[in-house]
Structure formats: C-alpha cells, structure tokens
Amino acid sequence: MRIKTFSIVMTAIFSMAVIPALAQEEQGFKKFNVREDFTENGFQWFHDAELLAAGDKEKSNAMTIGWGGIGTLWGRTALTVYVAEKRYTKEFMDKAEYFTVMTFDVEQSKVLNYMGTKSGRDSDKAQALGLHTAYTANGTPYYTEAAMVIECKIMYAAPFDPQCSLDRGDWAERGG
C-alpha cells in the first residue's frame with residue numbers, strides 16, 4: 001500500500017488548504033515534499049476521481065470527487081476541491097479542521113463508484129464496502145485500503161456563486 005501524507009493548501013467550493021501534518025509511521029505514512037516529490041500531472045490528477053473523507057472518530061463520511069486541482073495558491077502548495085452544499089460530506093467538512101483525499105488502485109474502482117452513487121445519510125458506506133477506517137494523528141478519517149492518502153488542512157472555504165462565472169450559459173446548461 002502506497003500511503004503518503006503531506007500538507008497541501010486546499011481550496012474548494014469549499015476551498016481548502018493543507019498545512020503539513022505529522023506522518024503516522026505505524027500506518028505506513030511517508031512524509032514527502034509535495035513541491036518536489038509529487039509526480040502526478042496536476043491537470044490530470046482528478047480525471048479518474050478520488051475519494052474525500054471528513055469527520056472524526058465519532059462519525060465521518062466520504063464521497064467521490066472528480067473536480068479539483070493541485071498547484072500553488074498564495075505561495076503555498078494547494079489542493080482545491082469542490083463540494084456542493086447539498087452533499088452530506090459537506091456537513092462534516094464545515095465542522096472539520098482537516099480532511100483526507102484518497103486514491104484507490106484500478107481494482108478498487110467499485111469503491112469510487114459506490115461512494116459516488118450512495119448517500120451516507122442512508123447507510124454506512126465504508127461498512128457496506130468492507131473498508132477499514134483509520135485516523136491520522138490529527139484525528140482525520142481515511143481508509144487503510146487506499147493507495148494514497150493526502151491529509152489536508154482547510155485554509156479557505158467559500159460558497160461557489162455561478163453568477164460570478166463569465167460563462168453563465170454553460171452553468172445554466174449544467175444546472176448549477
């Protein structure tokens with residue numbers, strides 16, 4: 001299992017940021033410098049979808065995300081995710097200081113499909129999939145089956161306003 005942790009500035013419709021967290025050696029985390037060691041293509045990284053989890057040891061939820069970016073914001077390495085107001089996971093993110101973004105191997109694509117089509121309001125999705133929840137040193141949930149785990153500290157969050165889009169026609173067609 002390839003698990004990494006690094007601080008990243010998060011932005012999202014909910015714009016978020018991550019600042020370095022301590023690696024959990026007992027969980028297989030390896031700390032690395034994201035600016036030098038993150039070798040994924042930032043424009044393509046969200047193409048196959050990732051999983052976002054938020055909450056605490058009492059209760060958490062995860063959802064599939066397919067929109068985001070990774071790069072630099074205000075001079076900091078940043079990961080930006082977009083979470084719609086109506087998503088159950090957003091409630092957890094509103095209360096959290098940290099969240100995780102995870103990737104899964106191709107063989108585990110059923111995880112992303114299930115997490116993206118079922119609501120955590122109705123059932124425990126992780127339990128239904130047989131996933132094992134673990135927690136970072138900051139208490140942030142993640143699944144031990146993930147190929148890579150990125151713990152993010154929320155730096156910035158703001159509602160997304162489609163009226164601010166310069167291409168409003170496209171937003172209207174997409175229903176948002």
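Setting aside neighbours within four places in sequence, Ala53 touches Asn61, Ala62, Phe99, Thr100, Met102 and Pro141. The residue belongs to strand S4 and is buried, its relative accessibility being 1%. The C-alpha atom of Ala53 is 8.5 Å from that of Met93, although 40 residues separate the two along the chain. The model in which these contacts occur is a predicted one, and Ala53 serves here as a point of entry to it.

The chain as a whole comprises 5 helices and 11 strands. Of its 176 residues, 47% are buried. Among contacts with a separation of 6 or more, 68% are between residues 24 or more positions apart. The accessible surface of the chain amounts to about 9700 Å², and carbon and sulfur atoms account for 48% of that area.

From Ala53 one may turn to Leu52. Once neighbours within four places in sequence are excluded, Leu52 is in contact with Asn61, Ala62, Met63, Ile65, Val81, Val83, Thr89, Met93, Phe99, Thr100 and Val101. Apart from the core to be described next lies another core, of 16 residues, which includes Leu51, Leu112, Ala126 and Leu131.

The largest nonpolar core has 20 residues, and the members that touch the most others are Trp45, Leu52, Leu79, Val81, Phe99 and Val101. Two or more residues are supplied to this core by each of strand S4 (50-55), strand S5 (60-65), strand S7 (76-81), helix H2 (88-95), strand S8 (98-103) and strand S11 (148-154). The greatest contribution is that of S11, with 4 residues.

Helix H2 deserves separate consideration. Its buried residues are Tyr88, Thr89, Lys90, Phe92 and Met93, and these pack against S4, S5, S7, S8 and S11. A charged residue, Lys90, thus appears in the list of buried positions; its relative accessible area is 6%.

The surroundings of Lys90 include two acidic partners. With Glu85, Lys90 forms a salt bridge in which the closest N and O atoms are 3.6 Å apart. Glu85 is itself exposed, at a relative accessible area of 53%, whereas Lys90 is buried. With Asp94, Lys90 forms a salt bridge whose closest N and O atoms lie 2.7 Å apart. Because Asp94 and Lys90 are 4 residues apart in helix H2, about one helical turn separates them. An α-helix has 3.6 residues a turn, so residues three or four places apart point the same way.

Another salt bridge involving H2 joins the side chains of Arg121 and Glu91, with an N to O distance of 3.4 Å. This pair connects distant parts of the chain: Arg121 is in the loop between helix H3 (109-117) and helix H4 (125-129), Glu91 is in helix H2, and their positions lie 30 residues apart in sequence. Both partners count as partly exposed, Arg121 with a relative accessible area of 46% and Glu91 with one of 38%. Glu85, Lys90 and Asp94, for their part, are joined into one network by salt bridges that share partners. The structure holds 4 salt bridges.

Strand S11, already noted as giving the most residues to the largest core, also contains an acidic residue, Glu151. Glu151 is buried, with a relative accessible area of 2%. Which side chains make polar contacts with that of Glu151? One is the side chain of Thr136, joined to that of Glu151 by a polar contact of 2.5 Å. Another is the side chain of Thr140, which makes a polar contact of 2.7 Å with the side chain of Glu151.

The surface offers a contrast to these buried positions. Trp67, Tyr82 and Phe160 make a nonpolar surface patch of about 350 Å². Trp67 is located in the loop between S5 and strand S6 (68-73), and its relative accessibility of 61% places it among exposed residues. Trp45, by comparison, is a member of the largest nonpolar core.

How values were computed
Residues are numbered from 1 along each chain as its sequence is written. This is a predicted model: local features need pLDDT of at least 70, side-chain atom pairs count only at pLDDT 80 or more; totals for chains, interfaces and linings use all residues. Side-chain values use heavy atoms; hydrogens and water are left out. A nonpolar core is a set of buried Ala, Val, Leu, Ile, Met, Phe, Trp, Tyr and Cys residues joined through side-chain atoms within 4.5 Å. Buried means under 20% relative accessible area, exposed over 50%, partly exposed in between (1.4 Å probe, protein chains only). Contact means heavy atoms within 4.5 Å. Patches are made of residues with over 30% relative accessible area and no salt bridge: like charges are joined within 9 Å, nonpolar side chains (Val, Leu, Ile, Met, Phe, Trp, Tyr) within 5 Å. Accessible areas come from the Shrake-Rupley method with a 1.4 Å probe; for residues, only the protein chains shown count as cover. A polar contact is a pair of N or O atoms within 3.5 Å; within protein, one must be able to donate a hydrogen and the other to accept it, and residues adjacent in sequence count only if both atoms are side-chain atoms.
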